[in-house]
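Work through the short exercises below with the structure in view. Try each task before reading its solution.

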Amino acid sequence: MANRLRLDKLLANMGFGTRSEIKRAVKLGKVTVDGNVARESGQIIEPERHVVQYEGESVVYRDVIYMMMNKPSGVISATEDTRDKTVVDLLKPEDSLLKPFPVGRLDKDTVGLLLLTNDGALAHELLSPKKHVDKTYEALVLGKVGESDIEAFAMGVTLDDGYMTMPGKLVIEEHSDRQGEPCSFIRLTIREGKFHQVKRMFEAVGKRVLTLKRISMGPLRLDDALEEGQYRELTPEEVSLLKGNRQS
Ligand code: URA
């Protein structure tokens, strides 16, 4: 948690308006610090010590945000893009104030669990290749996925650039037919995050991913109640699970 920051920044971060709107509110005497009317919007505040009130209502300060989104297809996992809509564009303005960013990338056509936070240290830990965080995907695959694929993935497969993947756990959920072509609905858990990894692993065994959805990342599971494009803040329990129960 930030130890010291300007009063106007604190209020702006908490969604009380722009810096100039806040300056005006301070001038109008709407803001108090420890019960005294604030005189200066640039006054330095220690959120853990000072009680700030806006029009008599206490302002609970926080500087980190954690959200899970069920990413829809057609949007980019980035904070900005010159051509396409990004996942951050889907956030309500009040949820963008603390500048969350997506933790890792899902392809434009991939749906499912995406964590958005401004906690750089946590993002770094989750993405670190050394940490081997499990990511589980569900996919509809063109072709009949079988035992030989389960074994190949368990050993690691060689991708088109010669990279040998770490072992992946493949579970076949269902075989079906799509316009006379065999299809397989599968679940795959991998511990790396190479570019297009799941699609390229199936290409390595002569099959094609038709649809891809991430359902978990480490201990975090996608909330079934979230429709594609919807998001919610993580519960304190989910945050603590993600941080490995360490106190921040
Ligand atoms: N693997 C892929 O191929 N695409 C994704 O979006 C995620 C994992």
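The exercises go from the domains to the ligand site of this predicted model.

**Exercise 1. Domains**

Task: State how the protein is divided into domains.

Solution:
- Domain 1 covers 5-58.
- Domain 2 is made of 66-129 + 219-247.
- Domain 3 covers 135-217.
- Over C-alpha atoms, the centres of domain 1 and domain 3 are 53 Å apart.

**Exercise 2. The shell**

Task: List the residues around the ligand, then sort the shell by class and by origin.

Solution:
- Use a cut-off of 4 Å between heavy atoms.
- The residues around the ligand are Leu106, Asp107, Thr110, Tyr137, His196, Gln197, Val198, Lys199 and Leu212.
- By class, 4 are nonpolar, 3 polar and 2 charged.
- Domain 2 and domain 3 each supply at least three residues of the shell.
- Helix H6 (residues 197-204) gives the most, with 3 residues.

**Exercise 3. Polar contacts**

Task: Find polar contacts of the ligand with threonine 110, histidine 196 and valine 198.

Solution:
- Accept N or O pairs within 3.5 Å.
- Threonine 110 uses its side chain: an N or O atom there is 2.9 Å from a ligand oxygen.
- Histidine 196 uses a polar backbone atom, 3.2 Å from an oxygen of the ligand.
- Valine 198 places a backbone N or O atom 3.1 Å from a ligand nitrogen.
- Now add the cover: on its own the ligand has 230 Å² of accessible area, and the protein covers 96% of that.

**Exercise 4. The pocket**

Task: Decide which pocket holds the ligand.

Solution:
- The ligand sits in the largest pocket.

How values were computed: Residues numbered from 1 in each chain as written. Predicted model: local features only at pLDDT ≥ 70, side-chain atom pairs only at ≥ 80, totals over all residues. Heavy atoms only, no water. Domains from an automatic or database assignment. Polar contact = N/O pair within 3.5 Å; in protein donor to acceptor, adjacent residues only side chain to side chain. Areas by Shrake-Rupley, 256 points an atom, 1.4 Å probe, with all protein chains shown as cover. 1 Å grid on protein atoms, 1.4 Å probe; cavity = no way out; pocket = protein on both sides within 12 Å on 5 of 7 lines; lining within 4 Å. Sits in = over half its atoms within 2 Å of the grid points. Helix = DSSP H or I, 4+ residues; strand = E, 2+ residues; numbered from the N terminus. Nonpolar A, V, L, I, M, F, W, Y, C, P; charged D, E, K, R; others polar.
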